[in-house]
Amino acid sequence: MLGRPDYRKALVFCGLIGIPVALIAFWFLVAIHQLEQLIWTTWPKDLGWKQAPWWWGLPLLTVAGLVVGLVAARLPGRGGHVPAAGLHSGGITEKALPGVLIAALVGLPLGAVLGPEAPLIAMGGGLALLFARLVRAPDTEASRSLLGAAGAAAAISALFGNPIVGAVLLMEVAGLGGPQLFAVMLPALLASGIGDLIFTGFVRWTGLETGSLSIGLPKPPPLDWGDVLWVLVLAPAIAFLIHWAFVGGRFAARFVTTRTVRNTTLCALGAAVCVTLYAVATGRSPAEAALSGESTLSELAQDPHAWPVGALIAVLAFKGLAYALCLGSLRGGPIFPALFLGGAFGVLLSPLPGLGLVPAMAVGMAASVTAALRLPVSSVVLVVLLLGNVDTVALVVLASVLSFVLSQRLPQGPRVPAIGEQPADREAGDTPRTG
């Protein structure tokens with residue numbers, strides 16, 4: 001294949017397209033971050049509050065629901081994929097870009113419990129196709145698939161700051177290799193995790209060394225059998241809860257298809273009520289239960305003792321409910337809220353006998369994000385990258401495999417309509433243009 005001139009040209013073109021796509025993705029992420037800081041931190045302080053008041057999310061999320069509902073009803077592409085259906089890399093054309101941008105730039109900063117990764121994938125793929133059309137590149141089904149995947153990978157890499165995460169994620173999202181990919185990958189992933197545990201155990205038991213790739217960074221406490229045994233209990237339990245949040249999201253998505261604008265607004269208002277109840281119950285900022293949880297996860301990991309047990313239980317309950325509602329109604333990605341919920345589960349359960357904070361958070365995040373994405377390899381790579389150490393990789397792998405197997409076996413709920421598919425019982429007059 002590398003010897004074919006047309007493939008070499010496509011390879012060079014994909015590399016060139018990555019430059020403007022990555023730049024636009026960078027400013028897109030900057031805009032979302034700055035808007036979140038402005039709306040949830042700066043404005044409340046400018047108005048004389050120490051933090052956002054308890055009612056702050058009610059008007060914001062109601063507006064978000066109304067705008068996203070209008071975008072879903074009126075614009076091509078319906079604002080992007082419904083996040084309850086998971087991540088997707090196809091179906092978005094360049095004509096859908098305005099709807100994707102509006103839904104993301106309005107919904108995410110106003111408090112949607114979703115992340116920016118799905119709009120980034122849609123935006124990257126759409127921009128790549130747009131640039132290809134501008135330079136009059138050959139327009140075939142194969143070239144559109146290749147360019148769309150390349151643009152999506154360039155955009156998502158800007159979010160994670162790591163090209164490996166972007167490439168692995170897009171390979172799994174695109175389903176390269178089909179069902180056979182998971183049939184081969186899952187046993188290999190499980191065997192490698194168990195092999196790492198056995199190898200680590202023998203090194204500690206015998207005191208012998210086989211050489212190491214370590215460059216001398218400080219190491220966390222070594223794993224023990226308590227950590228491994230707790231994985232077998234906690235990973236399925238966390239996966240079970242996240243899975244049912246997605247099932248709830250799929251029911252919300254079906255509810256939204258009947259009267260798009262009204263029901264999207266109602267779901268967003270329901271998420272706002274959850275955020276408000278969290279703030280009222282704990283006296284803490286409603287921003288902790290709203291938004292993606294990306295920055296809050298960092299605060300949680302750095303100072304877990306600042307979160308009382310009651311606050312952890314409340315954020316898991318109310319943010320989890322808001323997450324389910326947003327998955328079915330608004331537009332965004334499922335990764336960062338799942339990571340936060342898994343990390344919060346880990347902090348809550350870390351005092352269990354024989355379990356530490358780092359292993360608990362590793363297991364929680366791996367089980368949670370795998371249940372959300374159904375992409376075990378991408379989940380492992382992402383969680384290991386976030387943790388910044390290799391000593392918990394075996395726990396992450398085991399938690400991810402257990403979560404994936406359990407999530408696949410549970411009832412999946414109603415099917416979410418794909419992009420371009422007209423759902424039944426749609427409200428008269430709100431059918432989106434497909435362009």
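In the predicted model, helix H4 is largely enclosed by the rest of the structure, because 14 of its 18 residues are buried. The helix covers residues 117-134, and its end C-alpha atoms lie 26 Å apart, in agreement with the 26 Å that its 18 residues should span at 1.5 Å a residue. Just after H4, Arg136 adopts a positive phi of about 60°.

Helix H4 belongs to a protein chain whose secondary structure consists of 15 helices and zero strands. Of the 435 residues in the chain, 51% count as buried. The accessible surface amounts to about 19,600 Å², and carbon and sulfur atoms account for 69% of that area. When contacts between residues at least 6 apart in sequence are considered, 80% of them join residues at least 24 apart.

The largest nonpolar core comprises 112 residues, and the residues with the most contacts inside it are Trp40, Leu120, Phe160, Leu169, Tyr323, Ile335 and Leu339. Helix H13, spanning residues 357-373, gives the most to this core, contributing 11 residues. For Leu339, neighbours within four places in sequence being left aside, the contacts are with Leu297, Met365, Val369, Leu382, Val383 and Leu386.

Helix H13 is itself mostly covered, with 15 of its 17 residues buried. From its first C-alpha to its last, H13 reaches 24 Å, close to the 24 Å expected at 1.5 Å a residue. The residue that follows H13 is Arg374, whose phi is positive and near 60°. Arg374 is placed in the loop between H13 and helix H14 (376-387), and it has this positive phi although it is not a glycine. With a relative accessible area of 14%, Arg374 is classed as buried, because that value falls under the 20% limit.

A further non-glycine residue with positive phi is Leu291, at about 65°. Leu291 is found in the loop between H9 and H10. The relative accessible area of Leu291 is 11%, so this residue is likewise buried, the limit being 20%.

Side chains of opposite charge can pair when their charged atoms come close. In this model the count of salt bridges comes to one. The pair consists of Arg284 and Glu288, whose closest N and O atoms are 2.9 Å apart. Both Arg284 and Glu288 are buried.

On the surface, a nonpolar patch of about 530 Å² is formed by Leu47, Trp49, Trp54, Trp55 and Val280. Val280 is found in helix H9, which covers residues 260-282. At a relative accessible area of 53%, Val280 counts as exposed, because this value is over 50%.

Two partly exposed residues were examined for their spatial relation to distant parts of the sequence. Pro308 is located in the loop between helix H10 (294-302) and helix H11 (309-329). The relative accessibility of Pro308 is 47%, which places this residue in the partly exposed class, between the limits of 20% and 50%. Although 26 residues separate Pro308 from Thr282 in sequence, their C-alpha atoms are 9.5 Å apart in space.

Leu402 is found in helix H15, which covers residues 393-409. With a relative accessible area of 29%, Leu402 is also partly exposed. The C-alpha atoms of Leu402 and Val233 are separated by 9.8 Å, whereas the two residues are 169 residues apart along the chain. Residues up to four places away in sequence not being counted, Leu402 touches Val231, Leu232 and Ala235.

Notes:
Residues numbered from 1 in each chain as written. Predicted model: local features only at pLDDT ≥ 70, side-chain atom pairs only at ≥ 80, totals over all residues. Heavy atoms only, no water. Patch = residues over 30% accessible without salt bridge, like charges linked within 9 Å, V, L, I, M, F, W, Y side chains within 5 Å. Areas by Shrake-Rupley, 256 points an atom, 1.4 Å probe, with all protein chains shown as cover. Salt bridge = Lys/Arg side-chain N within 4 Å of Asp/Glu carboxyl O. Helix = DSSP H or I, 4+ residues; strand = E, 2+ residues; numbered from the N terminus. Buried < 20%, exposed > 50% of the residue type's maximum accessible area, 1.4 Å probe, protein only. Core = buried A, V, L, I, M, F, W, Y, C linked by side-chain atoms within 4.5 Å. Contact = heavy atoms within 4.5 Å. Expected span 1.5 Å × (residues − 1).
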